[in-house]
Amino acid sequence: NKIANSERVYHEIAELVENQNERLCNLQNQMKELQQKQQDKIKNDELIAAVNRGMQHLEAEKVNDVDEKSKKKRAAKLEKTCKALEQELEKVRVQERDLAAEWARV
């Protein structure tokens, strides 16, 4: 009877250890995902800052352009570039919102 009890206790302990190992593995995976999401957010923040700097630079160039003819050409080119940067910025903001939502869920 003692042997049967010992075996039962052994199996219960083995099952508990297995469950703990599984939980630990799950937590490690979640931690890796969070770290990756945090790195993605940092990259997005850097990209947003770069886009903002680029837009400020473009605005400064737009103001400093003197020659009327080249000013019109430059303005059209800058407008096109600004629109492209704004689209890129919007994409990054969407990604950032998605990451923030995922971050909040975890």
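The following paragraphs describe the fold, dimensions, core and charge distribution of a predicted model. Local features were evaluated at pLDDT of at least 70 and side-chain atom pairs only at pLDDT 80 or more, whereas totals for chains, interfaces and linings use all residues. Residues are numbered from 1 along each chain as its sequence is written, and side-chain values rest on heavy atoms, with hydrogens and water left out.

The protein chain contains two helices and zero strands (DSSP runs numbered from the N terminus: H or I of at least four residues for helices, E of at least two for strands). Its C-alpha trace spans about 100 × 15 × 15 Å along the principal axes. The radius of gyration, taken over C-alpha atoms, is 28 Å, against a value near 13 Å for a compact globule of 106 residues (2.2 Å times the number of residues to the power 0.38).

Buried residues (under 20% relative accessible area, 1.4 Å probe, protein chains only) account for 12% of the 106 residues. The largest nonpolar core (buried Ala, Val, Leu, Ile, Met, Phe, Trp, Tyr and Cys residues joined through side-chain atoms within 4.5 Å) comprises five residues, namely I48, V51, M55, L89 and V92. Helix 1 (2-64) and helix 2 (68-105) each supply at least two of its residues, and helix 1 gives the most, with three. Beyond neighbours within four places in sequence, M55 is in contact (heavy atoms within 4.5 Å) with L85 and E86. Of the contacts between residues at least 6 apart in sequence, 72% join residues at least 24 apart.

The mean positions of the 21 positive charges (Lys and Arg) and 21 negative charges (Asp and Glu), with His and the chain ends not counted, lie 6 Å apart; each charge is placed at NZ of Lys, CZ of Arg, CG of Asp or CD of Glu.

How values were computed:
Buried < 20%, exposed > 50% of the residue type's maximum accessible area, 1.4 Å probe, protein only.
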